[in-house]
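Biologist: Hi! Could you pull up the model so we can walk through it together?
Modeller: Sure, here it comes.

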Amino acid sequence: MNLSFNIYFIPKDERHSFQSLLDKVTMVRDSYLTKTGSVVFNFYDDLMRQNVIRRAEIEGRMESALKNCEFHLFYQPKYNLHADTIDGSEILVRWFDPKLGNYRTPGEFIPVFEDTGFISKMDRFVFYRACENIAERLSRRETVFPISVNVSRVTASEPDFVEYYTRIKSKFDIKDGFVTIEFTESFAYENNDRLAEMVRELHAAGFLCSIDDFGTGYSSYTSLKMLNMDEIKLDKSFLESGVSHERDMTILRSVISLGRELGIKVTQEGVETKEEFDGLRALGCDVIQGFYFARPMKYSSYTEFVNNNFSPEAKRRQSEGGE
Ligand code: C2E
Ligand code: MG
Ligand code: MG
């Protein structure tokens with residue numbers, strides 16, 4: 001049994017219809033999750049109203065945004081510390097909002113898309129576009145590098161999730177080991193058995209699997225034991241107090257060596273400084289991703305970045321001692 005009182009104080013000079021008061025307290029009720037067996041008093045706050053309006057605006061426009069191709073793929077290159085070269089890239093979505101004339105970042109719209117279930121349409125669109133981009137580059141005989149795509153818990157829970165991703169991979173003739181699917185740590189924790197089965201199916205279809213934001217949730221070690229993951233991506237919070245901090249270094253060092261012993265690639269996210277970069281190299285980390293190496297960029301800038309720095313042509317120029 002839960003008992004909750006949802007309260008709106010009517011300012012002295014305000015007049016309301018009964019319906020508008022009811023709407024306000026309903027908004028209060030929907031904004032709070034009541035713990036089982038608790039008695040709570042929730043109060044109206046104007047931020048709630050603004051939030052409801054913002055969510056309604058996003059919900060009202062998401063389908064047309066997909067039709068009008070307003071979701072753009074940004075690529076963030078990763079760097080392999082052993083091979084000293086690019087290690088592929090992670091694809092991060094942005095919403096180009098023509099009304100704002102600017103990009104909206106995922107933090108703004110992904111929670112709404114997850115609540116409405118729309119996220120699985122968007123994730124499928126991102127994956128389709130990414131495969132299309134690879135096929136296009138290959139048809140022009142240009143260098144391609146592996147990609148990672150994020151999937152939400154909602155997307156991964158669709159009954160035809162593995163089937164769809166497998167179908168699109170073969171439609172564009174993407175080779176095995178080229179695409180990594182990033183699951184969030186919380187999804188991995190809550191769905192250990194199901195995910196273990198999914199990982200087996202994805203491996204059979206030639207995908208690699210990764211746990212994103214590792215270290216932000218619970219029971220990461222159980223997940224590692226149960227799931228045959230190819231990569232763990234350590235959350236930025238591992239770097240928060242700097243790699244020079246002794247205790248953090250110790251934790252980082254043991255996670256990296258655990259990954260190595262289990263044969264799992266360890267990628268550190270959010271690397272911003274040379275100090276962090278050097279520190280991670282010294283600890284034996286496999287791959288880094290972060291502003292220090294490259295920011296997320298538009299596809300056109302990414303192809304330029306790859307062609308200028310990592311194409312066979314660029315490598316030849318470098319080995320001959322510069323331009
Ligand atoms: P994530 O998958 O952990 O992605 C890494 C986030 O860290 C990205 O934020 C990236 O821009 C940011 N980042 C990269 N390097 C640095 C750095 O050096 N410093 C700092 N402070 N940040 C850095 P972004 O692009 O805002 O994405 C946020 C989250 O949204 C992603 O976290 C991912 O969980 C989700 N997301 C992004 N694209 C998609 C998508 O296509 N589908 C799904 N389901 N989720 C996505
Ligand atoms: Mg990710
Ligand atoms: Mg992450």
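Modeller: A quick note before we start: this is a predicted model. As a starting point, take Asp278, which is partly exposed, with a relative accessible area of 34%.

Biologist: Okay, and which side chain does Asp278 meet in a salt bridge?

Modeller: Lys274 is the partner, at 2.7 Å from N to O. Both residues lie in helix H11 (residues 274-283), four residues apart, about one turn of the helix.

Biologist: Which residues do salt bridges with shared partners join into one network?

Modeller: That network is made up of Glu57, Arg61, Asp97, Arg104 and Glu108.

Biologist: And how many salt bridges does a search of the whole structure find?

Modeller: The search finds 27 salt bridges. One of them pairs Lys121 with Glu63, with the closest N and O atoms 2.9 Å apart. This pair links distant parts of the chain, 58 residues apart: Lys121 sits in helix H4 and Glu63 in helix H2 (residues 46-67).

Biologist: Is Lys121 buried or partly exposed?

Modeller: Lys121 counts as partly exposed because its relative accessible area is 41%, a value between the 20% and 50% limits. Glu63 also falls in the partly exposed class, at 36% relative accessibility.

Biologist: Let's try another one. How far apart are the closest N and O atoms of Glu197 and Arg200?

Modeller: They are 3.1 Å apart, and the two residues form a salt bridge. Glu197 and Arg200 are three residues apart in helix H8 (residues 192-204), so about one helical turn separates them.

Biologist: And why does Arg200 count as exposed?

Modeller: Because its relative accessibility is 53%, and exposed means over 50%. Its partner Glu197, at 36%, counts as partly exposed.

Biologist: Nice. Switching to pockets: what volume does the largest pocket have?

Modeller: The largest pocket has a volume of about 790 Å³. Its lining has 34 residues, and those nearest the centre are Glu90, Leu92, Asn150, Asp212 and Asp213.

Biologist: Which elements give two or more residues to the lining of the largest pocket?

Modeller: There are strands and helices in that set: strand S4 (85-97), helix H3 (106-116), H4, strand S6 (147-150), strand S7 (179-184) and strand S8 (208-214).

Biologist: And by class, what does the lining of the largest pocket have?

Modeller: It has 13 nonpolar, nine polar and 12 charged residues.

Biologist: Okay, next one down. How much space lies in the second largest pocket?

Modeller: About 180 Å³. That pocket is lined by 16 residues, with Asp87, Pro146, Thr180, Leu208 and Lys265 closest to its centre.

Biologist: Which elements give two or more residues to the lining of the second largest pocket?

Modeller: Those are S4 and S6. S4 supplies the largest share of this lining, four residues. Sorted by class, the second largest pocket is lined by six nonpolar, five polar and five charged residues.

Biologist: What about enclosed space? How many cavities of 30 Å³ or more does the search find?

Modeller: Just one cavity of 30 Å³ or more turns up in the whole structure. About 90 Å³ of space lies in the largest cavity.

Biologist: Which residues line the largest cavity?

Modeller: The lining consists of Tyr75, Ala130, Asn133, Ile134, Arg137, Thr143, Val144, Phe145, Ile147, Tyr299, Tyr302 and Val306. Helix H4 (119-139) and helix H12 (299-309) each supply at least two residues of the cavity lining, and the largest share, four residues, comes from H4.

Biologist: And the classes for the lining of the largest cavity, how many of each?

Modeller: Nine nonpolar, two polar and one charged.

Biologist: Last topic, the surface. Which residues form a nonpolar patch there?

Modeller: Leu3, Phe5, Phe9, Val39, Phe41 and Phe43 do, with about 640 Å² of accessible area together. Strand S1 (3-7) and strand S2 (39-43) are the elements that give two or more residues to the patch. S2 gives the most, with three residues.

Biologist: Where does Leu3 lie?

Modeller: Leu3 lies in strand S1. At a relative accessible area of 44%, Leu3 is partly exposed.

Biologist: Great, thanks for the tour!

How values were computed:
Residues numbered from 1 in each chain as written. Chains lettered and ligands numbered in written order. Predicted model: local features only at pLDDT ≥ 70, side-chain atom pairs only at ≥ 80, totals over all residues. Heavy atoms only, no water. Patch = residues over 30% accessible without salt bridge, like charges linked within 9 Å, V, L, I, M, F, W, Y side chains within 5 Å. Areas by Shrake-Rupley, 256 points an atom, 1.4 Å probe, with all protein chains shown as cover. Salt bridge = Lys/Arg side-chain N within 4 Å of Asp/Glu carboxyl O. Buried < 20%, exposed > 50% of the residue type's maximum accessible area, 1.4 Å probe, protein only. 1 Å grid on protein atoms, 1.4 Å probe; cavity = no way out; pocket = protein on both sides within 12 Å on 5 of 7 lines; lining within 4 Å. Points joined across faces, edges and corners; volume = space filled by probe spheres on them. Nonpolar A, V, L, I, M, F, W, Y, C, P; charged D, E, K, R; others polar.
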